[in-house]
Amino acid sequence: MAELHAYTDGACSGNPGPGGWGVLLRATQDGEIVKERELNGGEPETTNNQMELMAAIMALETLERASTITVVTDSAYVKNGVTGWIHGWKRNGWRTSSKKPVKNVELWQRLDAAQARHSVTWEWVKGHAGHPENEKADELARKGMAPFKPEKSA
């Protein structure tokens, strides 16, 4: 049976500012790549955390059927949020332990719904540390951001 991984990353130029997200979806069988798909997109005004969340959301929403997948992110915010904090936020009506509204609540709710369809394992990797798939996701995120970045004058 094939193993499915999604390598996700977000990028932002300024925070907030133009941003992009990237996903490398990869199916492997017996250590061999059997299928690969690249996804990316961006927005003119966003934050790094929002783009990290969008990458994970798009990775899961793109899957047409319920899947067992490992999502690999370099965002501790996404990994810690989705594997830990989100349970308390939901119990508290999407409020933090200090009773403040959760930041990016619409994206967290969308991610929660997207992962509910699947059996997801979350992994964190150090960003910009030579991890080939993470580097590819970063490249895709920067590509997704490119149309929204103002041209530099020469």
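Here are three short exercises on the predicted model above, each with a worked solution.

**Exercise 1.** Find how many residues of helix H1 are buried, and what this says about its surroundings.

*Solution.* Start with the extent of the helix: H1 has 15 residues and spans 21 Å from its first C-alpha to its last, close to the 21 Å expected at 1.5 Å a residue. Next, apply the cut-off, since buried means under 20% relative accessible area. Met51, Glu52, Leu53, Met54, Ala55, Ala56, Ile57, Met58, Ala59, Leu60 and Thr62 pass this test. That makes 11 of the 15 residues, so H1 is largely enclosed by the rest of the structure.

**Exercise 2.** Follow helix H2 (residues 76-91) along its length, then work out what covers its buried residues.

*Solution.* Begin with the span: the 16 residues of H2 reach 22 Å between the first and last C-alpha, close to the 22 Å expected at 1.5 Å a residue. Now look for a bend, and you will find a kink of about 55° centred on tryptophan 85. Just after H2, glycine 93 has a positive phi of about 65°. Then list the buried residues: Tyr77, Val78, Gly81, Val82, Ile86, Gly88 and Trp89. Their cover includes helices H1 (48-62) and H3 (105-116), along with strands E4 (68-73) and E5 (119-124).

**Exercise 3.** Describe the largest pocket by its volume and its lining.

*Solution.* The space in the largest pocket comes to about 470 Å³. Its lining has 17 residues, with Leu4, Lys35, Leu63, Arg65 and Ser67 nearest the centre. Strands E1 (3-12), E2 (17-29) and E3 (32-46) are the elements that each give two or more residues to this lining. Sorted by character, the lining holds seven nonpolar, three polar and seven charged residues.

Conventions: Residues are numbered from 1 along each chain as its sequence is written. This is a predicted model: local features need pLDDT of at least 70, side-chain atom pairs count only at pLDDT 80 or more; totals for chains, interfaces and linings use all residues. Side-chain values use heavy atoms; hydrogens and water are left out. On a 1 Å grid over the protein atoms alone, a cavity is a set of points where a 1.4 Å probe fits but cannot get out, and a pocket is an open set with protein on both sides within 12 Å along at least five of seven lines; lining residues have an atom within 4 Å of a point. Grid points are joined across faces, edges and corners, and a volume is the space filled by probe spheres set on the points. Helices (H or I, at least four residues) and strands (E, at least two) are DSSP runs, numbered from the N terminus. Ala, Val, Leu, Ile, Met, Phe, Trp, Tyr, Cys and Pro count as nonpolar, Asp, Glu, Lys and Arg as charged, and the others, Gly among them, as polar. The expected span of a helix is 1.5 Å times one less than its number of residues. The bend at a residue is the angle between axes fitted to the seven residues ending there and the seven starting there. Buried means under 20% relative accessible area, exposed over 50%, partly exposed in between (1.4 Å probe, protein chains only). Contact means heavy atoms within 4.5 Å.
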